[in-house]
Structure formats: C-alpha cells, structure tokens
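Visitor: I would like to learn how to read a structure like this one, beginning with the whole chain and ending with a single residue. Could you take me through it step by step?

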Amino acid sequence: MSNSKLCLKLKKQDIVRLTHLKVTTNTGEILSEWVVACKLNQLKKGEILDFDYKDKKILIANLDGKIYASDRTCTHADADLSTGFLTEDGVTCPLHLSTFNLKTGIPENLPAEIPLKIYNVKIEQNEIYIEVN
C-alpha cells in the first residue's frame, strides 16, 4: 500500500473561505499553522478579545488600528490579560498593573519580568488570522 498525499494548487480566487491552514514538510513536520480568530469588524480600535485554540489562550488587541496577538495570561500572576486595560503602551494586567508591549511582549514595568509570547497576525478577506505554532 502506498503512502501518498494529494497536493492541490489553488488560486486565491478559488478559496471561498479558508478557516485553517497548516503548512507541513513532506515528513509531516508542521512549519506553519494559521487559524481564523475572528472577523476584523468584531475588533474595534481600542478593544481586546480573547481567543482559545487547542491549549493556547490568546489575546487579540486593536491598538490604533493595528492588530496584535499575544499570550493572554500574565507572566507574573496568571491573570487574564483580556480583562485588563489597553493603552498606547500595550496591555496592562488588571491584577498588579504590569504593562506588556504588544509588539515585543516585553513587560514595561514590574512586577512582571518575563515577556509574553507574541503571535504573527495577518488579515485576509476581513478576517484576522493568527499563526499558532
């Protein structure tokens, strides 16, 4: 029995709605995995959304029209950052007020010292995709 895979070449106009894209090597190693988190119009300027994918708890923020995604749990005290505050400096933890830069994940002040994981984001056809690997 042969172990073969089907490979399709699609043009962008052939794809009606793509909600999950996984790019793998010929050995099955995952190189990239993009998932739809929400529609762009669901996240207004200055808003934060929470998004769960498998075991990942992700925060999505619209800071001055730019979309960011990071881990959602504060690295200091495990607080849910989606219940925090979005400022021009980043997202501020509601528990001990550490602010995390959304571009780098680095905390701007104590007590947090460990950076958040930052996820790549892309917008296609009015949907926000997050690279989750």
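**From the chain to one residue**

Guide: Keep in mind that this is a predicted model. Of the 133 residues in the chain, 35% are buried, and carbon and sulfur atoms account for 51% of an accessible surface of about 8,600 Å².

Visitor: How many helices and strands does the chain have?

Guide: There are 11 strands and zero helices, so that the pattern read along the sequence is β repeated from one end to the other. As for contacts between residues at least 6 apart in sequence, 38% of them join residues at least 24 apart.

Visitor: Which strands stand at the edges of the open sheet of three strands?

Guide: The sheet has the order β6-β7-β8, with antiparallel pairing. Its edges are β6 and β8 (99–100), and because each has a single partner strand, one side of each is left without a neighbour in the sheet. Strand β7 (residues 90–92) is joined to β8 by two bridges, and Val 91 has Phe 100 in β8 as its bridge partner.

Visitor: Turning to a loop residue, is Ser 82 buried or exposed?

Guide: The cut-off for buried is under 20% relative accessible area, and Ser 82, at 19%, is therefore buried. Ser 82 lies in the loop between β5 (66–71) and β6 (85–87).

Visitor: What does Ser 82 touch, leaving aside residues up to four places away in sequence?

Guide: With those residues not counted, Ser 82 touches Ile 48, Asp 50, Leu 59 and Arg 72. The side chain of Ser 82 also makes a polar contact, at 2.7 Å, with the side chain of Asp 80.

Technical notes
Residues numbered from 1 in each chain as written. Predicted model: local features only at pLDDT ≥ 70, side-chain atom pairs only at ≥ 80, totals over all residues. Heavy atoms only, no water. Helix = DSSP H or I, 4+ residues; strand = E, 2+ residues; numbered from the N terminus. Buried < 20%, exposed > 50% of the residue type's maximum accessible area, 1.4 Å probe, protein only. Contact = heavy atoms within 4.5 Å. Areas by Shrake-Rupley, 256 points an atom, 1.4 Å probe, with all protein chains shown as cover. Polar contact = N/O pair within 3.5 Å; in protein donor to acceptor, adjacent residues only side chain to side chain. Pairing = 2+ DSSP bridges.
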